[in-house]
Amino acid sequence: MGESRQELLGWLNNLLQLNVTKVEQCGTGAALCQIYDSIYQDLPMSRVKFNVNTEYAYLQNFKLLQNCFAKHQIERLVPVESLIKCKMQDNLEFLQWTKRFWDQYYPGGEYDAVARRKGAGAPAAAAPASTSSARTSGAGAARRGTTPTTAPARRTGAVGSGGGAPAAVIQENNTLKETVTGLERERDFYFSKLRDIELLLQQACEADPDLEKDEDSLIKQVQAILYSTEEGFEIPADDGVVDDQETF
């Protein structure tokens, strides 16, 4: 049995000095490239892209990884099309296999992951100062398809920094925009899943109305979860008319 997700993430972050919070983030290919660089130390890290959020960029990273596999005659197919979708199961299985390969072939000694990324022009990882700061950086990195290497840029020292502050603010704004985009995509994904479940339940009840009569039935329990709300939440009206006093 392979390592759990948390064990793999702990190993990955310790080896590469990253702040990866989800196995799915390995779908960018960047962290995987550097894992194999820790073994062979001959990957062109200057071409590995960490802070990217498009499948095109992921493909460029996986091309480098495939070249590494071919060069060192690693007889394992890299399922690129599955991995770049950033789905948990596909990336978990490949990461588990990668960990077993690393255990077998890592030459030992210290691997300076930060120095390798600096040479590649990628940002250095900042060691988390506390649990809260680690959670903050992880939350921003949890969006789909980025391999986080730093905590969010700070605004301190903005005044009189010789023009460096505006760039930091712009970078922080861009990071926040990417985070929002990722969260919206994730929200829409899970909403569509819930909607599909709701439609299946409705179809089942229409085919057999007796299913809704049993208050302890599985259908009733699922419906209770689907339609439950939190305090302060108001279900919008079905007529499509927006009330003048809309509640936010």
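Let's start at one spot on the outside: Gln73 has a relative accessibility of 69%, so it counts as exposed, the cut-off being over 50%. You'll find Gln73 in the loop between helix 3 (55-71) and helix 4 (80-83). Its backbone is a bit unusual too, with a positive phi near 55° in a residue that isn't glycine. Here is the background for that: most residues other than glycine have a negative phi. Keep in mind as you look around that this is a predicted model.

Now zoom out. The chain has nine helices and zero strands, so if you walk along from the N terminus, the elements simply read α-α-α-α-α-α-α-α-α. There are 248 residues in the chain, and 33% of them are buried. The accessible surface comes to about 15700 Å², with 52% of that belonging to carbon and sulfur atoms. What about contacts between residues that sit at least 6 apart in sequence? Of these, 66% join residues at least 24 apart.

Let's see how some of the helices meet. A handy idea first: two packed helices are described by the angle between their axes and the distance between the axes. Take helix 1 (residues 5-16) and helix 2 (residues 30-40), whose axes come within 11 Å and cross at roughly 65°. That angle is why the two helices are described as roughly perpendicular to each other. Their crossing is left-handed. On the helix 1 side, the contact is made by Trp11, Leu12, Leu15 and Leu16, and on the helix 2 side by Ala31, Gln34, Ile35 and Ser38. Sort those residues by class and you get six nonpolar, two polar and no charged.

Look back at the helix 1 residues in that list, and this general point may help: an α-helix has 3.6 residues a turn, so residues three or four places apart point the same way. Trp11 and Leu15 turn up again when helix 1 meets another partner, helix 5. There, Arg5, Leu8, Trp11 and Leu15 of helix 1 touch Met88, Leu92, Leu95, Gln96, Lys99 and Trp102 of helix 5. By class, this contact has seven nonpolar, one polar and two charged residues. Helix 1 and helix 5 (residues 88-105) pack at about 60°, with their axes 11 Å apart, and they are therefore oblique to each other. This crossing is left-handed as well.

Back to helix 2. Is it mostly buried or exposed? Ten of its eleven residues are buried, so helix 2 is largely enclosed by the rest of the structure. The buried ones are Ala30, Ala31, Leu32, Cys33, Gln34, Ile35, Tyr36, Asp37, Ser38 and Ile39. Just after helix 2 comes Gln41, another residue with a positive phi, near 55°.

Helix 2 also packs against helix 3. Their axes come within 9 Å and cross at roughly 30°, and the two helices are therefore roughly parallel to each other. The crossing is left-handed. Here Ala30, Leu32, Cys33, Tyr36 and Tyr40 of helix 2 meet Asn61, Phe62, Leu64, Leu65, Cys68 and Phe69 of helix 3. This contact has ten nonpolar residues, one polar and no charged ones.

While you're at helix 3, find Leu59, which is part of it. With 29% relative accessibility, Leu59 counts as partly exposed. Which residues does Leu59 touch, leaving aside its neighbours within four places in sequence? They are Val80 and Ile84. Leu59 also shows how the chain can bring residues together: Leu59 and Glu81 are 22 residues apart in sequence, and in space they are 8.8 Å apart, C-alpha to C-alpha.

One last stop takes us to the loop between helix 4 and helix 5, where Cys86 lies. Like Gln73, Cys86 isn't a glycine and yet has a positive phi, in this case about 60°. Their surroundings are another story: Cys86 is buried, with a relative accessible area of 8%, whereas Gln73, where we began, is exposed.

How values were computed: Residues are numbered from 1 along each chain as its sequence is written. This is a predicted model: local features need pLDDT of at least 70, side-chain atom pairs count only at pLDDT 80 or more; totals for chains, interfaces and linings use all residues. Side-chain values use heavy atoms; hydrogens and water are left out. Helices (H or I, at least four residues) and strands (E, at least two) are DSSP runs, numbered from the N terminus. Buried means under 20% relative accessible area, exposed over 50%, partly exposed in between (1.4 Å probe, protein chains only). Contact means heavy atoms within 4.5 Å. Accessible areas come from the Shrake-Rupley method with a 1.4 Å probe; for residues, only the protein chains shown count as cover. Axes are lines fitted to C-alpha atoms, for helices over the stretch in contact, and angles run from 0 to 180 degrees between N-to-C directions. Angles under 35 degrees count as roughly parallel, over 145 as roughly antiparallel, 65 to 115 as roughly perpendicular and the rest as oblique. A crossing is left-handed if the near helix is turned anticlockwise from the far one by less than a right angle, and right-handed if clockwise. Ala, Val, Leu, Ile, Met, Phe, Trp, Tyr, Cys and Pro count as nonpolar, Asp, Glu, Lys and Arg as charged, and the others, Gly among them, as polar.
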